[in-house]
Amino acid sequence: MKIICIGRNYIDHAKELNNKIPEKPMFFLKPETSLLLKNRPFYYPDFSKEIHYETEIVIKINKLGKHIEEQFAHRYYSEIGLGIDFTARDLQKECKTKGHPWEIAKAFEHSAPISETFVNKENLPDNINFKLELNGKTVQNGYTKDMIFSVDKIISYVSKFFTLKIGDLIFTGTPAGVGEVQIGDNLKGYMEGKLMFNFDIK
Ligand code: ZN
């Protein structure tokens, strides 16, 4: 399986990192080894001094497809979860400056914690609320209506380049409020008020 992550999909977040609002979806990949499951702790890696959380709605692909038209994209997923796109911001800044690929900053071990549960989209509103609590304090609070590119647009665009396979995950971008984690922190993610993940930084 593969993990596809959309960058800069919320205007407020693009602005907070001084990025331009994109005209097309911008994406990158994480390998399967970046998954962190079952609320296991995240061990702060020694290659970075600035690990940021980015809380994102995660779409699970349930049907094989390529060149999917936007109007049919909804047939390719039924379950939605919540995850974090951990980013080594210091390394990412260096990659951006040098024009290098982002993998060392984005695709490292356990950089993609995801919720154990995924919820059927039939049981969720069109405009999904999601939030992150850092040590009990809300630091991100987003709504999917604020996405620049909708899930259907993303599926259509990405499937021009890759075949989407059953079990592939799409991280749909983060709203404003990204920030650093420290050893000892606790992260709780909520979707429509339901606790989706709860784990510690060690
Ligand atoms: Zn992200």
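This report describes a predicted model, taking in turn its sheet, its zinc site, its empty spaces and its aromatic rings.

## The sheet and its strands

The strands of an open, six-stranded sheet follow one another in the order β2-β1-β12-β5-β6-β9, and the pairing within this sheet is mixed. At the edges lie β2, which covers residues 26-30, and β9, which covers 119-120, and each of these strands pairs on one side only.

Strand β1 is a useful place to begin, as five of its five residues are buried. Cover is found on both faces of β1, with Ile3, Cys5 and Gly7 buried on one side and Ile4 and Ile6 buried on the other. Five bridges connect β1 to β2 in the antiparallel sense, and here Ile6 has Phe27 of β2 as its bridge partner. With β12, residues 169-171, strand β1 pairs in the parallel sense over three bridges, and in this case Cys5 is partnered by Phe171. Elsewhere in the sheet, β5 (residues 55-61) and β6 (residues 77-84) run antiparallel and are joined by seven bridges, with Ile57 standing opposite Leu82 in β6.

## The zinc site

Which residues does the protein offer as donors to the zinc ion? They are Glu54 and Glu56, each through OE, and Asp85 through OD, and they lie 2.0 to 2.1 Å from the ion. Along the sequence, the spacing of these donor residues can be written as E-x1-E-x28-D. Both Glu54 and Glu56 are buried.

## The largest cavity

Rolling a probe the size of a water molecule over the atoms shows where empty space is left. In this model there is one cavity of 30 Å³ or more, and the volume of the largest cavity is about 120 Å³. Its lining is made up of 18 residues, of which Gly7, Arg8, His13, Glu54 and Lys106 are the closest to the centre. Glu54 is therefore a residue to look at twice, being a zinc donor as well as a part of this lining. By class, the lining of the largest cavity has five nonpolar, six polar and seven charged residues. At least two lining residues come from each of β1, β2 and α2, and α2 gives the most, with three residues.

## The largest pocket

The space in the largest pocket comes to about 330 Å³. It is lined by 16 residues, and those closest to its centre are Tyr77, Asp126, Ile128, Thr144 and Val151. Strands β5 and β6 and the helix α4, which spans 151-161, each supply at least two residues of this lining. Sorted by class, the lining of the largest pocket has nine nonpolar, three polar and four charged residues.

## Aromatic rings

A pair of aromatic rings is described by the distance of the centres and the angle of the planes. The structure holds 10 such pairs. In the pair formed by Phe28 and Trp102, the ring centres are 5.6 Å apart and the planes stand at 50 degrees, so the pair counts as tilted. This pair links distant parts of the chain, since Phe28 belongs to strand β2 while Trp102 sits in the loop between α2 (89-98) and α3 (103-106), 74 residues apart. Are these two residues buried or exposed? Phe28 counts as buried because its relative accessibility is 10%, and Trp102 is also buried, with a relative accessible area of 18%.

Phe27, the residue of β2 that is the bridge partner of Ile6, belongs to an aromatic cluster that it forms with Tyr157, Phe161 and Phe162.

Key: Residues are numbered from 1 along each chain as its sequence is written. This is a predicted model: local features need pLDDT of at least 70, side-chain atom pairs count only at pLDDT 80 or more; totals for chains, interfaces and linings use all residues. Side-chain values use heavy atoms; hydrogens and water are left out. Donors are N, O and S atoms within 2.8 Å of the metal (3.2 Å for Na, K and Ca); water is not among the atoms, so sites may look incomplete. Buried means under 20% relative accessible area, exposed over 50%, partly exposed in between (1.4 Å probe, protein chains only). Two strands pair if DSSP finds at least two bridges between them. Helices (H or I, at least four residues) and strands (E, at least two) are DSSP runs, numbered from the N terminus. On a 1 Å grid over the protein atoms alone, a cavity is a set of points where a 1.4 Å probe fits but cannot get out, and a pocket is an open set with protein on both sides within 12 Å along at least five of seven lines; lining residues have an atom within 4 Å of a point. Grid points are joined across faces, edges and corners, and a volume is the space filled by probe spheres set on the points. Ala, Val, Leu, Ile, Met, Phe, Trp, Tyr, Cys and Pro count as nonpolar, Asp, Glu, Lys and Arg as charged, and the others, Gly among them, as polar. Rings of Phe, Tyr and Trp (its six-membered ring) pair if their centres lie within 6.5 Å; planes under 30 degrees apart count as stacked, over 60 as edge-to-face and the rest as tilted.
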